[in-house]
Amino acid sequence: MGVVLGAKSVGGVEVDAPSAVRERLEAFAAEVLAEAMNRPVQLVNGGLYLRGLLEEGARKSLEPVVAWLGGDAEYQSMQQFLADSPWNPALVVKAVAEQVAGEIEVEAWVLDDTGFPKDGKDSPGVKRQYSGTLGKTGNCQIGVSVHAVGRRGTVPLGWALYLPEDWCADEQRRRKAKIPDEVAFKTKSELGVELVQRASGWDVPKAPVLGDHAYGENTWLRDRLDQAGCEYVLSVGPKTKVFDLGTSFAVPRKKQGATRGPVRPRPDRKPVPIGELIARLGADSAQTVTFRDGPDGKPVTSRFIFTRVNAAHGWRDDDRRSGWREGAEVPPREEWLIAEWPDGEDEPTDYWISNLPADTEPDRLARLARMRWKMELDYKQLKGELGLDHYEGRSWPGWYHHTALVSAAHGFLTLERPNPFRPRPA
């Protein structure tokens, strides 16, 4: 097998003979597939598919995978196994996560999404939509995912296929793509929170959730994570508004002649954009922080401002009206505002909001804020080596089955590689 079994070294480290690695793969497959699959043919096809994903080859769609497996695999049986067979992919992801997470020294969970370029219009969820992966609007599916990130590797904790509203309303396309009746429209943030909450019940180390602007600027998401007992360090933009720490919230007195008085507290001042607040503090308030963050494990130094604020969750303040949005949390929570202001820069380069405790050390806050880069390596391996975005089937179950088995192949590689983040020799 190419990626591991046929290699003489992995990451510059000598590996065992192909036969020994294959034996470990077979044992690993038997363990992570057992709970999800109760039919012998499912277990056989699942193990074969893992082998095929680990073979050398530019394309990991079903036809070349079956070809690499020679006479061991039968195309029709494998196709039915992926597209229609009734096994639960979440149980595979859970089993892999519980095996791998304990070995990688988990430091954070990363909530992210990625694009799956597609031709045509029949693959579930496909449409012309913006994808950060593509860097533009294109015909693609969007998958939301959560990954545990550690000092010695990463492991996926869950996948969810984003289904746009027009897809949800199209009964004909739903039936053709085998989308279950109970699947309704959910935003990427809603899908992400559900994945985090589901993984929180597994036997994996809990860690702060990281995410980019699309998630960090969603106050509903931050509230849901906090209510679920999840810590987070989420990226936000300079226009995100917060209240100064000294802001007080009190219920105004009833106006004379009014039959009913106010029942919800109001702030004694307006919220301010975080870019404005940090500029007011000035570059002189930044402190130099050294932490281990780089791909080579060497210390990285930068300048950060750390200040406590009240996050403006659900408060609407504009020229027309001000007040709490329906269902918003009152009052806002005290949280960390983090800004990276490198030496020589005229203004900060990045901002984050975090609900970590007030006594959290600056080096931990800075390290968590800067840790999302590891996801780029994760997606690079999942797509480049293991064919995460190569599935050509057009069924909803097939997408989930494929991503679960790619997660299993990725987990096996992580266990085989002593340090996945160390650059490989040229």
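Colleague: Why is Phe 81 called buried?

Modeller: This is a predicted model, so every value here is computed from it. Phe 81 has a relative accessible area of 1%. Buried means under 20%. Phe 81 therefore counts as buried.

Colleague: What makes the rings of Phe 81 and Trp 87 a stacked pair?

Modeller: Two values decide it. The ring centres are 5.2 Å apart, and the planes meet at 15°. A pair needs centres within 6.5 Å, and stacked needs planes under 30 degrees apart. Both tests are passed, so the pair is stacked. Trp 87 is buried as well, with a relative accessible area of 4%.

Colleague: Why is the pair of Phe 116 and Trp 399 called edge-to-face?

Modeller: Their ring centres lie 5.5 Å apart, with the planes at 70°. Edge-to-face asks for over 60. So the angle settles the name. Phe 116 sits in strand S3 and Trp 399 in helix H14, 283 residues apart. Both Phe 116 and Trp 399 are buried.

Colleague: Which residues form an aromatic cluster with Phe 116 and Trp 399?

Modeller: Trp 396 and Tyr 400 join them in one cluster. Across the structure, the count comes to 10 aromatic pairs.

Colleague: How do you know that Arg 24 and Glu 416 form a salt bridge?

Modeller: The N to O distance between their side chains is 2.9 Å. The cut-off is 4 Å, so the pair qualifies. Arg 24 belongs to helix H1 and Glu 416 to helix H14, and 392 residues separate them.

Colleague: Are Arg 24 and Glu 416 buried or exposed, and what makes them so?

Modeller: They fall in separate classes. Arg 24 has a relative accessible area of 32%, which means partly exposed. Glu 416 is at 18%. The limit for buried is under 20%, so Glu 416 counts as buried.

Colleague: What makes Glu 392 and Arg 59 a salt bridge?

Modeller: Their side chains meet at 3.4 Å, N to O. That is within 4 Å, so the rule is met. Glu 392 lies in the loop between helix H13 and H14, while Arg 59 lies in the loop between H2 and H3. The two are 333 residues apart.

Colleague: Why is Glu 392 called exposed, and Arg 59 partly exposed?

Modeller: Glu 392 has a relative accessible area of 52%. Exposed means over 50%, so Glu 392 passes. Arg 59 is at 36%, which means partly exposed.

Colleague: How do you know that Asp 84 and Lys 178 tie together separate parts of the sequence?

Modeller: Start with the contact. The closest N and O atoms of Asp 84 and Lys 178 are 2.3 Å apart, in a salt bridge. Asp 84 lies in the loop between H4 and helix H5, and Lys 178 in the loop between helix H7 and helix H8, so the pair ties together parts 94 residues apart in sequence. Asp 84 counts as partly exposed at 38%. Lys 178 is partly exposed too, at 40%.

Colleague: Which residues are joined by salt bridges that share partners?

Modeller: Glu 105, Glu 107, Arg 151 and Arg 367 form one network. The whole structure has 21 salt bridges.

Colleague: How do you know that the length of H5 agrees with the expected span?

Modeller: H5 has 12 residues, which should span 16 Å at 1.5 Å a residue. The end C-alpha atoms are 17 Å apart, which agrees. At the N-terminal end, Asn 88 acts as a cap: a side-chain oxygen lies 2.9 Å from the backbone nitrogen of Ala 90. The buried residues of H5 include Val 92, Val 93 and Val 96. Those buried residues pack against H1, strand S6, H8 and H14.

Colleague: Why is H2 called largely enclosed?

Modeller: Of its 14 residues, 10 are buried, so the rest of the structure largely encloses H2. Among the buried ones are Gln 42, Asn 45 and Arg 51. Their cover includes helices H1, H3, H4 and H14.

Colleague: Which residues touch the most other members of the largest nonpolar core?

Modeller: Val 92, Trp 109, Leu 225 and Leu 405 do, in a core of 116 residues. Helix H14 gives the largest share, 10 residues. A second, separate core has five residues, including Phe 243 and Trp 315. In soluble globular proteins, nonpolar side chains tend to be buried together.

How values were computed
Residues are numbered from 1 along each chain as its sequence is written. This is a predicted model: local features need pLDDT of at least 70, side-chain atom pairs count only at pLDDT 80 or more; totals for chains, interfaces and linings use all residues. Side-chain values use heavy atoms; hydrogens and water are left out. A nonpolar core is a set of buried Ala, Val, Leu, Ile, Met, Phe, Trp, Tyr and Cys residues joined through side-chain atoms within 4.5 Å. Buried means under 20% relative accessible area, exposed over 50%, partly exposed in between (1.4 Å probe, protein chains only). Helices (H or I, at least four residues) and strands (E, at least two) are DSSP runs, numbered from the N terminus. Contact means heavy atoms within 4.5 Å. The expected span of a helix is 1.5 Å times one less than its number of residues. A polar contact is a pair of N or O atoms within 3.5 Å; within protein, one must be able to donate a hydrogen and the other to accept it, and residues adjacent in sequence count only if both atoms are side-chain atoms. Rings of Phe, Tyr and Trp (its six-membered ring) pair if their centres lie within 6.5 Å; planes under 30 degrees apart count as stacked, over 60 as edge-to-face and the rest as tilted.
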